[in-house]
Amino acid sequence: LRFTGYNSGMLDIGNMSQSIWSVTQGYPLEYTREDGNFSRLAWHAEFIYLALAGLYAVLPDPRTLLVFQAFWFALGALPAYRIASRRFRNPNYVRILMLVYLLYPTAQTAVLFDFHGDTLAMPFLMFALDAMDRLDWRRYGIWLALALLCKVYVAVPVGVLGAVLYFKGHRRPGRITAVLVGVWLCFILFVIRPAFSPPSASETSAGFQSYLVFYFGGLGSKLFLSTLVIRLATAFLVLTPAVVFGRFAWQWLLPGLAIAL
């Protein structure tokens with residue numbers, strides 16, 4: 001309804017739909033900016049969008065992506081159910097934890113806010129956690145690989161997850177996870193992004209430095225200080241529901257905390 005009523009306030013749904021449509025025309029996830037055409041691979045590197053080009057060719061409408069995103073997110077309730085059912089005999093507890101996933105405020109906001117690769121990564125990560133919980137390391141690796149294809153900084157929580165696994169006693173899968181994530185992140189930042197950046201796009205070809213400036217360049221500025229209260233209030237709203245449940249196993253909060261910080 002927000003999209004149909006011309007109330008999408010940012011360019012993201014337009015950028016993503018044009019990028020995925022461009023694949024059907026033989027272009028590498030290109031979208032138009034004020035300074036020309038860019039590939040998504042030169043910025044957030046959402047390889048997962050390539051897999052959606054077939055769907056978009058059949059139903060070439062941005063609402064296709066919005067519906068798919070909501071449906072795919074909802075499937076993450078299945079691994080949430082399986083994880084909970086292995087721990088609780090009371091089926092009501094299992095249902096409650098499924099609803100925690102489905103109704104979590106940050107997740108709901110992500111599903112309703114245009115179309116993004118990191119929203120698509122959430123179910124992949126849930127399936128990976130379910131496989132990890134069953135010690136099915138092969139499927140764990142497959143699901144994590146798919147999650148990493150969704151957006152470059154999904155590597156951050158996955159890398160921290162590897163560290164948590166290592167210190168929880170699963171040293172080999174934890175070490176492999178952390179090492180492969182580091183290699184993947186370097187490959188994206190120093191090979192893929194520069195390769196798909198236009199010659200004039202110095203901000204994308206700068207690799208890792210551009211990410212540091214983009215996300216942390218405002219620290220200490222007047223803008224940051226003037227919005228500090230609302231930032232802290234937002235952090236409280238985002239983190240409190242997780243802490244309520246996660247305090248019983250705080251180590252598993254660390255991957256999400258890395259993104260929140």
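User: Which residues does L120 touch, not counting residues up to four places away in sequence?
Analyst: This is a predicted model, and contact here means heavy atoms within 4.5 Å. Residues up to four places away in sequence are not counted. What remains for L120 is I48, Y49, L52, F68, Q69, W72, F115 and C150.

User: Which members of the largest nonpolar core touch the most other members?
Analyst: The largest nonpolar core has 37 residues. L120 is one of the four that touch the most other members. The full set is Y49, F115, L120 and Y140.

User: Which helix gives the most to this core?
Analyst: Helix 1 (12–24), helix 3 (62–75), helix 7 (117–133), helix 8 (137–148), helix 9 (155–167) and helix 10 (171–196) each supply at least two residues. One of these gives seven residues, the most to this core. That element is helix 7.

User: How many residues are in the other core that lies apart from it?
Analyst: Another core lies apart from the largest one. Among its members are A80, Y104, A107 and M126. Its residue count is eight.

User: Is T119 buried or exposed?
Analyst: T119 sits in helix 7. Leaving aside neighbours within four places in sequence, T119 is in contact with Q69, A110 and V111. Its relative accessible area is 4%. Buried means under 20%, so T119 is buried.

User: What relative accessible area does M122 have?
Analyst: M122 is also found in helix 7. Leaving aside neighbours within four places in sequence, M122 is in contact with F73, Y101, A107 and A110. M122 counts as partly exposed, because its relative accessible area is 23%.

User: How far apart in space are M122 and G169?
Analyst: In sequence, M122 and G169 are 47 residues apart. The spatial value runs C-alpha to C-alpha. It is 25 Å.

User: What is the C-alpha to C-alpha separation of N15 and P62?
Analyst: N15 lies in helix 1. N15 and P62 are 47 residues apart in sequence. In space, C-alpha to C-alpha, they are 10.0 Å apart.

User: Which residues does N15 touch, not counting residues up to four places away in sequence?
Analyst: N15 counts as buried, at 13% relative accessibility. Set aside residues up to four places away in sequence. N15 then touches Y31, T32 and R40.

User: What is the relative accessible area of E46?
Analyst: E46 lies in the loop between strand 2 (36–39) and helix 2 (53–58). Beyond residues up to four places away in sequence, E46 touches M16, L29, R40, L41, L149, C150 and K151. E46 is buried, because its relative accessible area is 0%.

User: Which elements give two or more residues to the nonpolar patch on the surface?
Analyst: The patch is formed by L239, V243, W250, L254, L257 and L261. Together they have about 570 Å² of accessible area. The elements giving two or more residues are helix 14 (228–246) and helix 15 (254–260).

User: Is V243 buried or partly exposed?
Analyst: V243 is placed in helix 14. Its relative accessibility is 44%. Buried needs under 20% and exposed over 50%, so V243 counts as partly exposed.

User: Where is confidence lowest in the protein chain?
Analyst: The chain averages a pLDDT of 90, and 95% of the residues score at least 70. Helix 8 has the highest mean, 97. The lowest mean is 49, in helix 11 (residues 202–205).

Technical notes
Residues numbered from 1 in each chain as written. Predicted model: local features only at pLDDT ≥ 70, side-chain atom pairs only at ≥ 80, totals over all residues. Heavy atoms only, no water. Patch = residues over 30% accessible without salt bridge, like charges linked within 9 Å, V, L, I, M, F, W, Y side chains within 5 Å. Areas by Shrake-Rupley, 256 points an atom, 1.4 Å probe, with all protein chains shown as cover. Salt bridge = Lys/Arg side-chain N within 4 Å of Asp/Glu carboxyl O. Helix = DSSP H or I, 4+ residues; strand = E, 2+ residues; numbered from the N terminus. Buried < 20%, exposed > 50% of the residue type's maximum accessible area, 1.4 Å probe, protein only. Core = buried A, V, L, I, M, F, W, Y, C linked by side-chain atoms within 4.5 Å. pLDDT = per-residue confidence, 0-100.
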